Amino acid sequence: MTIEEELVYVREENKVLREQLAQRDETIQQQQELLAEQNAVIQQHGEQMSSLSEQMKALRDRLAKDSHNSHLPPSSDRFVRTPKSLRQKSEKKSGGQPGHPGSSLQFSSTTDEITLQQVERCEACQHDLHAVAACGGERRQVVDLPSPRVVVREYRAEQKQCPHCQHITRAAFPAGVQAPIQYGPHIGATAVYLVEQQLLPLARACEVMSDLLGVQMSEGTVCDLIKRCAGQLAPVEQQITEALTQAEVIHQDETGLYVAGKRHWMHVTCTPTLTHYHVDASRGQAALEAIGILPHFAGISIHDGWGSYFLYDCEHAACIVHLLRDLVFLAEQGIQWAADLKTLLLDMKEATDQAREQGKRWLDPLEVVDWEAQFLRLLDDGDQAHPRATAPPGKRGRCKQSDARNLLDRLRKQQKAVLTFLEDLRVDFDNNLAERDLRMVKVQQKVSGCFRSEVFAQAFARIRGYLSTLRKQGLPLLSSLQATLCGHPVLPSL
C-alpha cells in the first residue's frame with residue numbers, strides 16, 4: 001500500500017470515528033436532558049410527598065383532638081372514646097358525704113286536710129268496734145298539689161255623678177289592670193318562666209300552659225309577655241352591669257348562636273352572685289364596648305385567653321383548664337415537657353386549694369418563686385425541643401409553626417395571666433363559672449333553635465341574666481317574675 005492509499009484510508013477511518021463520536025455526544029446530551037427531567041420529577045414528587053405528609057399529620061392531629069385534649073365541645077366528639085378526665089380520683093366514697101343535709105320529705109306540723117281512717121270491726125273475730133275508744137294510732141302524710149283551676153277576677157269600677165256640679169267621677173282600676181280582659185301576673189310569669197328559664201319553644205310552652213293549667217294562650221301572647229318583662233328589667237340590668245364593673249374578680253366567656261339565621265355571639269360576665277348576658281354580632285372589642293363592663297373595670301378578669309380581652313388595662317387571669325387540654329394533646333404525642341408542665345400545673349392547683357382551705361389569701365412568696373422557676377424551666381425545655389421554624393430563602397410571609405411552638409409562644413406571652421391563680425387566691429383555677437352560665441344557652445339552641453329576631457335574643461339575654469342572678473342569690477324566680485310584670489321587679493343584692 002502506497003503512502004497516498006494509506007492516507008486516504010486513515011482519513012476515511014478518522015471520518016467514521018468522528019461520526020461515531022458525534023453520535024455518542026448527542027446520545028450523552030439526550031441522556032443528560034432526560035436525567036434532568038427525571039431529577040425535576042423526583043424533586044416535584046418529593047415536594048408533593050412532603051406536602052402530603054404534612055397534610056396527613058394535620059389530619060391525624062385533628063382526628064386525635066376531642067373534648068378532653070382541646071377546646072372542642074363534647075358534642076363534637078366524633079368517635080366513642082374512653083373518658084379521660086383531668087380530675088384526679090378522690091379518696092371519698094361515692095354518694096352523699098358526711099354532713100350532707102339531704103332533701104328527704106319531713107312531716108309537716110301544719111296540715112291542710114286530715115282524714116281519719118276508723119276501725120269498724122275486729123279483723124280476728126269480726127266483733128263490732130264502733131263504740132270502742134281508740135287505744136293508739138299511726139299517721140302518714142301525702143304531699144300533693146291541688147287540681148289547677150283558673151280564677152277569673154272581675155273588677156267593676158263605679159261611676160258617680162255629682163249632684164252639685166254634674167261631673168261624673170269614675171273609680172280607678174288597680175295598677176296593671178289595663179285591658180278589658182287580660183291574663184294576670186301569675187299566668188304571665190309562668191309562661192315567661194317556661195320559655196326563658198326552662199328553655200321551652202313557644203309552641204311547647206303554650207302546650208304546657210294548656211295541659212297543666214287549662215289556659216289557652218297563643219304564641220303571640222307569650223312573645224308580648226316576654227317583651228313586657230324585658231322592658232321592665234332594663235334598669236335592673238343596668239344595675240347588674242354597674243355592680244360587675246365594681247367587682248374584684250369577674251369571669252368572662254362567649255359562645256356562638258344564631259339570630260334570624262345569622263351568626264351572633266352570646267357574651268357572659270359573671271360572679272358567684274351576679275350574671276350578665278349580651279347578644280352581639282361581634283365577638284371582639286365592639287361587643288365588649290357595647291357591654292360596657294371592661295372599659296371601666298379595674299379588677300381581675302378570668303377568661304379563656306381570647307385576644308380582645310387583653311385590649312383592656314385590667315388584670316387578666318387565664319383559664320388553666322384550657323391550657324391543660326392543649327398540654328394533654330401534646331403529651332399524647334409523646335412530648336415530655338408538655339406532660340411535665342401538665343403535672344406541674346395540677347400540683348400548683350393542689351397547693352392553692354390547700355391554702356384556701358387554711359384561710360390564706362396568698363401563698364408564701366418564696367413558694368411562689370419556686371413554682372414559677374419550675375414553670376420557666378419547662379418552657380426552656382420546650383424551646384429547645386421545638387425551635388421556631390424559619391421560612392426558606394425567598395419565601396415571603398410568616399412561617400407556619402407547630403402546635404407545640406404556638407403553645408409555647410402563648411405561654412410566654414400570657415405568662416402573667418397564666419400564673420395569676422398562683423399569686424392571688426381570689427382567682428379560680430378555671431373559668432367554669434362562666435362556662436356553666438353559658439351551658440344553658442347552648443341547650444336553648446339545641447331545643448328551640450335560633451332566635452327569630454335580635455329583639456327576642458336581647459330579651460332572652462336580659463331575662464336570663466336576671467333569673468340566673470336570682471338563682472345564685474337563692475331568691476324565688478316565679479314570684480319575682482310576677483312582680484316584674486306588675487312593674488315592681490325584685491332587686492337582687494348588688
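## Salt bridges and overall build: worked exercises

Arg 426 and Asp 424 pair up in a salt bridge, with 2.7 Å between their closest N and O atoms. Keep in mind that this is a predicted model.

**Exercise 1.** Work out whether Arg 426 and Asp 424 are buried, partly exposed or exposed.

*Solution.* Start with the cut-offs: buried is under 20% relative accessible area, exposed is over 50%, and partly exposed sits in between. Arg 426 has 29%, so this residue is partly exposed. Asp 424 comes out at 10%, so the acid is buried.

**Exercise 2.** Find the salt-bridge partner of Lys 472, then say which helices the pair ties together.

*Solution.* First, the partner: Lys 472 bridges to Asp 437, and their closest N and O atoms are 2.9 Å apart. Next, place both residues. Lys 472 belongs to helix α14 (residues 454–472), while Asp 437 sits in helix α13 (residues 432–448), so the bridge ties together parts 35 residues apart in sequence. Last, check the exposure. Lys 472 is partly exposed, at 24% relative accessible area, whereas Asp 437 has 10% and therefore counts as buried.

**Exercise 3.** Look at Arg 156 and Glu 154: how far apart are the closest N and O atoms, and are the two residues buried or exposed?

*Solution.* The closest N and O atoms of this salt bridge are 2.5 Å apart. As for the surroundings, Arg 156 and Glu 154 are both exposed.

**Exercise 4.** Step back from single pairs: how many salt bridges does the whole structure have, and which residues are linked in a network?

*Solution.* The search of the whole structure turns up 18 salt bridges. For the network, pick out the acids Asp 380, Asp 383 and Asp 409, and link them with Arg 388, Arg 405 and Arg 412. Then take the charges of the chain as a whole: there are 56 positive and 63 negative ones, and their mean positions lie 6 Å apart.

**Exercise 5.** Compare the radius of gyration of the chain with that of a compact globule of 494 residues, then describe the box, the burial and the contacts.

*Solution.* A compact globule of that length would come in near 23 Å, but this chain has 38 Å. Along the principal axes, the C-alpha atoms fill a box of roughly 165 × 70 × 60 Å. Now the burial: 34% of the 494 residues count as buried. The exposed area is about 33000 Å², with 53% of it supplied by carbon and sulfur atoms. Then the contacts: among those with a separation of 6 or more, 62% join residues 24 or more positions apart. To finish, the secondary structure of the chain amounts to 15 helices and seven strands.

Note on methods. Residues numbered from 1 in each chain as written. Predicted model: local features only at pLDDT ≥ 70, side-chain atom pairs only at ≥ 80, totals over all residues. Heavy atoms only, no water. Helix = DSSP H or I, 4+ residues; strand = E, 2+ residues; numbered from the N terminus. Rg over C-alpha atoms; globule rule 2.2 N^0.38 Å. Buried < 20%, exposed > 50% of the residue type's maximum accessible area, 1.4 Å probe, protein only. Contact = heavy atoms within 4.5 Å. Areas by Shrake-Rupley, 256 points an atom, 1.4 Å probe, with all protein chains shown as cover. Lys, Arg positive; Asp, Glu negative; His and termini not counted. Charge placed at Lys NZ, Arg CZ, Asp CG, Glu CD. Salt bridge = Lys/Arg side-chain N within 4 Å of Asp/Glu carboxyl O.
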